[in-house]
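Got the viewer open? Here is a short tour, one selection at a time.

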Amino acid sequence: MSDSSINGSTKNERYRRFIEQIDNLPSLPSIVSRLIQVVNSPDTSADDAAKLIQKDPALTTKMLRLANSAFYGIPRSISSVSSAVVILGFNTIRSLVLSASVMKMFSGSKKPAFDKDRFWKHSIVCALAAKTIVRQFINVRMMDPESAFCAGILHDIGKLIFSEFAGDDYQEVCAFARSNNLPLLEVERRMLGIGHSDIGRILADKWALPLDLEYALVFHHEPKNADNLLDLVTTVHIADVLTHQAGLGLWDGEITPPEWDQGSSVLRFGENDREHILTLLSDSIEKSGEFIDIIK
Ligand SMILES: [Fe+2]
Ligand SMILES: [Fe+2]
């Protein structure tokens with residue numbers, strides 16, 4: 001592939017242009033940043049988080065709708081934000097507020113480089129797969145399944161950043177990967193000089209994301225390279241690969257190379273497990289629509 005194969009500009013020019021653009025990345029809404037801090041603090045009570053959420057009526061409505069939805073399947077009705085926080089847990093609250101604000105932040109771009117509905121479906125199904133993997137494997141039971149869910153929802157957010165700040169170039173990157181049946185990450189790095197997972201570091205810095213999210217964003221395609229949080233990054237990696245295998249990539253047949261060795265050594269994930277999780281995923285695909293409807 002030639003470096004000058006898109007828009008007549010070289011990879012270095014495209015990289016520089018993108019890095020300059022990404023400087024304009026908006027900050028997270030202050031309520032979201034504060035909530036991330038609050039839910040990560042060991043001294044926080046459900047009331048502290050609820051008080052913060054209640055300052056935002058749209059978030060309050062979304063939270064209550066989600067708590068009462070079939071997505072969580074809680075048998076009794078939940079009418080207050082503090083009960084929703086207690087029942088859903090801090091990590092779910094974190095998933096909800098982050099995904100709702102990221103979705104809102106990037107909902108306005110006129111010319112997205114890819115099908116955003118499909119992007120979010122991929123993200124939510126990956127999140128549900130990650131949660132299921134944590135629940136199924138004894139050696140990762142110490143991890144909160146909701147932490148894996150949150151990491152799963154946001155793992156590919158770098159693609160949204162590309163679409164927003166390098167839309168035309170990224171459209172061509174996607175088209176090239178699609179027509180040559182190549183992994184998107186490889187084509188991003190070759191044509192733009194940076195991959196969507198590399199953007200995780202920039203985002204983590206700009207948005208002060210907690211370490212678990214940063215690691216999931218940066219290492220979900222290369223879990224072997226992570227020097228920490230191996231359970232989490234491997235879980236998100238396997239969940240992502242299975243989501244692709246279930247036919248939910250950015251386009252039909254989008255490939256992502258699996259690191260099965262990593263899955264087997266860290267999670268003791270085998271061939272039978274793969275089939276089992278894929279069967280469970282078919283249920284997740286239906287559920288994903290409801291989650292998207294609520295948070296958007
Ligand atoms: Fe990815
Ligand atoms: Fe993905």
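A quick term before you start clicking: a crossing of two helices is called right-handed if the near helix is turned clockwise from the far one by less than a right angle, and left-handed if it is turned anticlockwise. Keep in mind, too, that what you are looking at is a predicted model.

**Stop 1: α10 and α11.** Select residues 167-180, helix α10, together with residues 184-192, helix α11. Turn the view until one lies over the other: α10 passes α11 in a right-handed crossing. The axes are 9 Å apart and the packing angle is about 130°. Angles over 145 degrees would be roughly antiparallel and 65 to 115 roughly perpendicular, so this pair is oblique. Now show side chains. From α10 you get Asp 169, Val 173, Cys 174, Phe 176 and Ala 177, and they meet Leu 184, Val 187, Glu 188, Met 191 and Leu 192 of α11. Colour that contact by class and you will find eight nonpolar residues, two charged and no polar.

**Stop 2: Gly 167.** Stay with α10 and pick Gly 167, which lies in that helix. Is Gly 167 buried or partly exposed? It has 16 other C-beta atoms within 10 Å, so it counts as partly exposed. Try a distance to Lys 111: the two residues are 56 apart along the chain, yet their C-alpha atoms are separated by 7.2 Å.

**Stop 3: the core.** Next, select Ile 93, Ala 129, Ala 130, Ile 133, Ala 151 and Leu 232, the residues with the most contacts inside the largest nonpolar core, which has 89 residues. Helix α7 (residues 116-136) gives the most to this core, with 11. Zoom in on Leu 232 and its contacts from farther along the sequence include Met 143, Ala 151 and Tyr 215.

**Stop 4: α7 and α16.** Add residues 271-295, helix α16, to α7; their axes come within 8 Å and cross at roughly 130°. That makes this pair oblique, and the crossing is right-handed. Among the residues of α7 in the contact are Trp 120, Ile 124 and Leu 128, while α16 brings Leu 281, Phe 291 and Ile 292, among others. By class, this contact has 12 nonpolar, three polar and two charged residues.

**Stop 5: Pro 223.** Finish in the loop between α13 (211-219) and α14 (230-245), where you will find Pro 223. Pro 223 counts as buried because 24 C-beta neighbours sit inside 10 Å. Its contacts beyond four places in sequence include Val 233, His 237 and Glu 259. From Pro 223 to His 237, the C-alpha separation is 6.9 Å.

Conventions:
Residues numbered from 1 in each chain as written. Chains lettered and ligands numbered in written order. Predicted model: local features only at pLDDT ≥ 70, side-chain atom pairs only at ≥ 80, totals over all residues. Axes fitted to C-alpha atoms, helices over the stretch in contact; angles between N-to-C directions. Helix = DSSP H or I, 4+ residues; strand = E, 2+ residues; numbered from the N terminus. Parallel < 35°, antiparallel > 145°, perpendicular 65-115°, else oblique. Contact = placed C-beta atoms within 7 Å. Nonpolar A, V, L, I, M, F, W, Y, C, P; charged D, E, K, R; others polar. Buried ≥ 20, exposed ≤ 12 C-beta atoms within 10 Å, placed from the backbone. Core = buried A, V, L, I, M, F, W, Y, C linked by C-beta atoms within 7 Å.
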